[in-house]
Amino acid sequence: MEVHNVELVMSAVAPAQYPTTGYPEIALVGRSNVGKSSLTNVLINRKSYARTSSQPGKTQTLNFYNVEDQLYFVDVPGYGYAKVSRSEREKWGKMIETYLSTRPQLKGVISLVDARHEPSDDDVSMYNWLHYYKIPILVVATKSDKVARGKWNKTESVVKKGLQLSDPDEFQLFSAQTKMGKDEVWNWIEKRIGE
Ligand code: GTP
Ligand code: MG
């Protein structure tokens, strides 16, 4: 998709605030600081539209980005941020569970993991949870620019094995820095929103 127009239409904490236009939605999940906002910026050809930072835990709300009046990207606050209190974490958990398990417009989830590491326990829980709800998943191993090219195959097998990735879920290596994987991620999104 050629993206020219993007607008952050809502930062929501509850269903009453979700957009009502009915466009299909693609959500981005992953641990804090993994690169969700950076991936969003690459997909929409912007340098810093979705806020990125070196300070983990910045994104605290469900941020709906209207893309070309055709779909929404939903930037979901990152999990696994240690400095967040237990009650905040529970609130976060409820908010995203509600969104992910009850939203008819949700056509797929891009689940980000760090290409440099084995999937964490939180990554595995998130994957299992999404898989259980039969939400189509694209696992994206991001920051691949930090992994030597000769190790990309190994990265793919480590991530797939760690998550026990199974059909019909898909995998893609990605880098916000080199834009590797951008077209493949878009192809997956277009397939999902066309269904
Ligand atoms: P939260 O909103 O806090 O959950 O974080 P996030 O998942 O949105 O991460 P964000 O996109 O803000 O990126 C976090 C840090 O990682 C930033 O310093 C980015 O520049 C860096 N980063 C993200 N993607 C990549 C990538 O593909 N390669 C490299 N080298 N750095 C990246
Ligand atoms: Mg973010």
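Two residues are in contact if their C-beta atoms, placed from the backbone, lie within 7 Å. With that in hand, let us work through this predicted model together.

**Exercise 1. Get a feel for the whole chain.**
Find what share of the contacts links residues far apart in sequence, and check the overall dimensions.

*Solution.*
- Step 1: Take the contacts in the protein with a separation of 6 or more; residues 24 or more positions apart account for 72% of them.
- Step 2: Turn to the dimensions. A compact globule of 195 residues would have a radius of gyration near 16 Å, and the protein has 15 Å, which agrees.
- Step 3: Picture a box along the principal axes: the C-alpha atoms fill roughly 45 × 40 × 35 Å.
- Step 4: Look at burial. Of the 195 residues, 35% are buried.
- Step 5: Ask how confident the predictor is. The average pLDDT is 90, and 92% of the residues score at least 70. Where pLDDT is low, the predicted coordinates should not be read in detail.

**Exercise 2. Lay out the sheet.**
List the helices and strands along the chain, then work out how the strands sit side by side.

*Solution.*
- Step 1: Count the elements: there are five helices and seven strands.
- Step 2: Follow them from the N terminus, and the run is β-β-α-β-β-α-β-α-β-α-β-α.
- Step 3: Now place the strands in space. They form an open sheet of seven strands with mixed pairing, in the order E1-E3-E4-E2-E5-E6-E7.
- Step 4: Find the edges. Strand E1 (6–12) and E7 each have a single partner strand, so one side of each is left without a neighbour in the sheet.
- Step 5: Add the twist: neighbouring strands are turned by 25 degrees against each other on average, direction ignored.

**Exercise 3. Explore strand E4.**
Which strands pair with E4, and in which sense? Is E4 enclosed or open?

*Solution.*
- Step 1: Start with E3, which pairs with E4 in the antiparallel sense over five bridges. Within this pairing, Val-67 has Leu-71 of E4 as its bridge partner, and Tyr-65 stands opposite Phe-73.
- Step 2: Move to E2, which pairs with E4 in the parallel sense over four bridges. Here Glu-25 stands opposite Tyr-72.
- Step 3: Recall that in a regular strand the side chains alternate between the two faces of the sheet. In E4, Leu-71, Phe-73 and Asp-75 point one way, while Tyr-72 and Val-74 point the other way.
- Step 4: Check burial. Five of the five residues of E4 are buried, so the strand is largely enclosed by the rest of the structure.

**Exercise 4. Study two helices.**
Find what covers helix H1, and describe how helix H4 relates to the sheet.

*Solution.*
- Step 1: Helix H1 (residues 36–43) is largely enclosed by the rest of the structure, because seven of its eight residues are buried. They are Lys-36, Ser-37, Ser-38, Leu-39, Thr-40, Val-42 and Leu-43.
- Step 2: The cover over these residues includes strands E2 (25–30), E3 (62–67), E4 (71–75), E5 (106–114) and E6, along with helix H5 (182–194).
- Step 3: Turn to the far end of the sheet order. Strand E6 (residues 137–142) and strand E7 (residues 170–173) pair in the parallel sense over four bridges, with Val-140 opposite Gln-172.
- Step 4: Include helix H4 (residues 152–163): together, E6, H4 and E7 make a right-handed β-α-β unit.

**Exercise 5. Spot the unusual backbone.**
Where does the backbone take a positive phi or a cis peptide bond?

*Solution.*
- Step 1: Keep the usual case in mind: most residues other than glycine have a negative phi, and most peptide bonds are trans.
- Step 2: Just after H1, Asn-45 has a positive phi of about 60 degrees.
- Step 3: In the loop between E3 and E4 you will find Asp-69, with a positive phi near 55 degrees. Asp-69 is exposed, with 10 other C-beta atoms within 10 Å.
- Step 4: Lys-179 sits in the loop between E7 and H5, and its phi is near 70 degrees. With 13 C-beta neighbours inside 10 Å, Lys-179 counts as partly exposed.
- Step 5: The cis peptide bond joins Asp-167 and Pro-168, with omega about 0 degrees. Pro-168 lies in the loop between H4 and E7.

Methods:
Residues numbered from 1 in each chain as written. Chains lettered and ligands numbered in written order. Predicted model: local features only at pLDDT ≥ 70, side-chain atom pairs only at ≥ 80, totals over all residues. Helix = DSSP H or I, 4+ residues; strand = E, 2+ residues; numbered from the N terminus. Rg over C-alpha atoms; globule rule 2.2 N^0.38 Å. Buried ≥ 20, exposed ≤ 12 C-beta atoms within 10 Å, placed from the backbone. pLDDT = per-residue confidence, 0-100. Pairing = 2+ DSSP bridges. Right-handed = clockwise from strand over helix to strand, strands pointing away. Axes fitted to C-alpha atoms, helices over the stretch in contact; angles between N-to-C directions.
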